[in-house]
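Please open the structure in a viewer and keep the sequence panel visible. The tour below proceeds by selection, one stop after another.

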Amino acid sequence: MSAPCLAATVEQFGDASQLRVHEVPAPQPRAGQIVVQVAAAAINPIDVRRRSGYGRKLFGLMGAARLPLVLGSDFAGTICAVGPGVTGWREGDAVFGAKPPSRQGTHATHVALDAAHVLAQPAGIAPAQLATLPYNFLTVCRALAGAGITRDSVLGRKVLLHGASGGLGLIAIALLKQLGAHVTAVAGERGLAACGAAGADLVLDRRRHPLESLPRQFTATLNFAHWDDDAQLVSRLAPGAVGHATTVHPLLAQIDRYGIAGGALAALYCKRRSAAATPRGTRYAWTVFRPDRDALNWLAEYAVMIPAAPTLQAFRLIHVAAAHHYVEQRCAGRAVLLPSPL
Ligand SMILES: NC(=O)c1ccc[n+]([C@@H]2O[C@H](COP(=O)([O-])OP(=O)(O)OC[C@H]3O[C@@H](n4cnc5c(N)ncnc54)[C@H](OP(=O)(O)O)[C@@H]3O)[C@@H](O)[C@H]2O)c1
């Protein structure tokens with residue numbers, strides 16, 4: 001590693017002015033790990049929220065909230081060091097993947113992570129594009145599993161997707177179509193075309209077609225938009241439905257507010273009450289991102305057919321604050337950091 005290692009660090013929880021880019025010690029691979037020189041790293045909504053302190057109590061249990069904190073989960077880059085016990089990878093291999101929440105994330109020129117969390121880059125897709133996939137893809141896979149969605153359970157059946165035009169939503173549309181589902185995508189006006197392009201069978205503007213106006217006919221529902229809409233979404237499930245999953249549940253916020261024990265109890269109560277409103281026998285899940293080998297293998301298979309992010313806005317690492325502003329403004333598409341050395 002001859003080039004200096006740089007990282008965007010959060011010095012204090014707060015607004016984007018708390019971000020600093022500076023030189024950091026070169027990461028060393030532990031057993032089972034590799035070090036990747038990062039060509040591109042996505043900035044997901046969770047990064048911006050973690051910067052302001054969201055989730056700090058639960059992430060703190062994993063050592064992922066200690067300051068200074070380097071954010072970022074997913075990346076594409078090149079292996080520059082291989083730790084003891086790693087087989088199948090060598091220096092120079094082009095890879096992409098996602099790292100579990102940590103205080104040494106991917107918004108840096110170099111990142112160490114478990115070799116089990118990476119895949120070989122497929123040919124013909126730019127690193128910036130690949131970097132936007134793993135975190136969203138793995139989260140969508142967990143949401144599908146949580147809702148009990150499989151080819152057998154949704155083939156030819158109707159699935160309702162709320163927040164369909166976002167990073168998760170567009171991937172979910174593509175995967176649900178692969179599984180043979182009939183997909184109804186609910187989105188804001190500016191995201192309607194992207195949902196259609198991703199393959200949704202029916203695209204509804206959420207202002208013209210509020211959730212409560214939709215028939216109670218869905219085999220599964222997925223909420224990637226807002227917790228306030230969860231009960232309404234669940235009420236659209238048909239009797240005998242498979243399940244519902246939400247990524248916008250209040251687990252982290254409850255724990256931030258009431259502490260680990262009190263927050264976990266409050267969240268459990270809230271989840272049980274919501275689950276009780278689902279039709280009998282229906283699964284009800286609060287999705288939490290976690291890297292998973294089966295889902296990564298699925299990503300390897302499908303990376304080449306997942307629709308590209310409708311807009312990809314690239315920022316140099318030194319402009320990380322501007323990249324956070326871009327995500328905060330909820331612009332369409334994805335912000336990507338290109339952490340080449342200064
Ligand atoms: N639990 C987890 O582990 C986990 C993992 C990944 C993501 N998430 C969360 O899941 C959500 C979706 O992620 P993403 O990456 O797809 O986000 P995104 O790219 O920002 O997309 C969010 C989508 O939800 C819609 N939306 C946002 N606020 C809404 C509201 N109040 N009412 C109706 N629609 C609304 C947006 O539509 P418009 O653009 O038209 O407003 C957009 O289609 C985010 O909140 C993210 O933090 C959670």
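Each stop names what to select and then describes what is found there.

**Stop 1: the two domains**

Please bear in mind throughout that this is a predicted model. Begin by colouring the chain by domain: domain 1 comprises 6-132 + 309-338, and domain 2 comprises 136-286. The C-alpha centres of domain 1 and domain 2 are 27 Å apart. Where they meet, domain 1 contributes 17 residues to the contact and domain 2 contributes 14 residues.

**Stop 2: the interface between the domains**

Display the surface between domain 1 and domain 2. About 1100 Å² is buried between domain 1 and domain 2, and carbon and sulfur atoms give 57% of that area. Next, select Tyr-54, Lys-57 and Leu-58. These residues supply 42% of the area that domain 1 buries against domain 2, more than any other three residues.

How many residue pairs are in polar contact between domain 1 and domain 2? The count is six, with both residues of each pair at pLDDT 80 or more. Salt bridges, by contrast, number zero across the interface of domain 1 and domain 2. Now highlight helix H2, residues 56-61: with five residues, helix H2 gives the most to the side of domain 1 that touches domain 2. By residue class, that side of domain 1 holds eight nonpolar, four polar and five charged residues.

**Stop 3: Ile-46 in helix H1**

Select Ile-46, which belongs to helix H1. Its relative accessibility is 16%, so Ile-46 counts as buried, the limit being under 20%. Beyond its neighbours within four places in sequence, Ile-46 is in contact with Tyr-54 and Tyr-135. The first of these, Tyr-54, is one of the three residues named at the previous stop. A distance may also be drawn from Ile-46 to Leu-71: the two are 25 residues apart in sequence, and their C-alpha atoms are 9.2 Å apart in space.

**Stop 4: the salt bridges**

Side chains of opposite charge can pair when their charged atoms come close. How many salt bridges does a search of the whole structure find? The search finds two.

For one of them, select Glu-328 and Arg-51, whose closest N and O atoms are 2.6 Å apart. This pair links distant parts of the chain, 277 residues apart: Glu-328 is in helix H11 (residues 320-328), while Arg-51 is in helix H1 (residues 45-51). Is Arg-51 buried or exposed? Arg-51 counts as buried because its relative accessibility is 3%, whereas Glu-328 is partly exposed, with a relative accessible area of 35%.

For the other, select Asp-201 and Lys-177, where the closest N and O atoms are 2.8 Å apart. Asp-201 lies in the loop between helix H7 (192-198) and strand S11 (202-205), and Lys-177 lies in helix H6 (residues 167-178), 24 residues apart. Asp-201 is partly exposed, with a relative accessible area of 37%. Lys-177 likewise counts as partly exposed, at 30% relative accessibility.

**Stop 5: two points of backbone geometry**

Move to the loop between H2 and strand S4 (69-70), where Pro-68 is found. The peptide bond leading from Leu-67 to Pro-68 is cis, with omega near -5 degrees.

Then select Arg-330, in the loop between H11 and strand S16 (334-338). Arg-330 is not a glycine, yet it has a positive phi of about 55 degrees. With a relative accessible area of 61%, Arg-330 is exposed.

**Stop 6: Thr-109**

Select Thr-109, in the loop between strand S6 (94-98) and strand S7 (110-114). Thr-109 counts as buried because its relative accessibility is 1%. Show its side chain together with that of His-110: a polar contact of 2.8 Å joins the two.

**Stop 7: Phe-315 in strand S15**

Finish at Phe-315, in strand S15 (residues 312-316). Which residues does Phe-315 touch, not counting residues up to four places away in sequence? They are Ala-322, Ala-323, Tyr-326, Ala-335, Val-336, Leu-337 and Leu-338. Phe-315 counts as buried, at 13% relative accessibility. For a last distance, join the C-alpha atoms of Phe-315 and Ala-277: they are 44 Å apart in space, with their positions 38 residues apart in sequence.

Notes
Residues numbered from 1 in each chain as written. Predicted model: local features only at pLDDT ≥ 70, side-chain atom pairs only at ≥ 80, totals over all residues. Heavy atoms only, no water. Domains from an automatic or database assignment. Contact = heavy atoms within 4.5 Å. Buried area = accessible area lost by both parts, 1.4 Å probe. Salt bridge = Lys/Arg side-chain N within 4 Å of Asp/Glu carboxyl O. Polar contact = N/O pair within 3.5 Å; in protein donor to acceptor, adjacent residues only side chain to side chain. Helix = DSSP H or I, 4+ residues; strand = E, 2+ residues; numbered from the N terminus. Nonpolar A, V, L, I, M, F, W, Y, C, P; charged D, E, K, R; others polar. Buried < 20%, exposed > 50% of the residue type's maximum accessible area, 1.4 Å probe, protein only.
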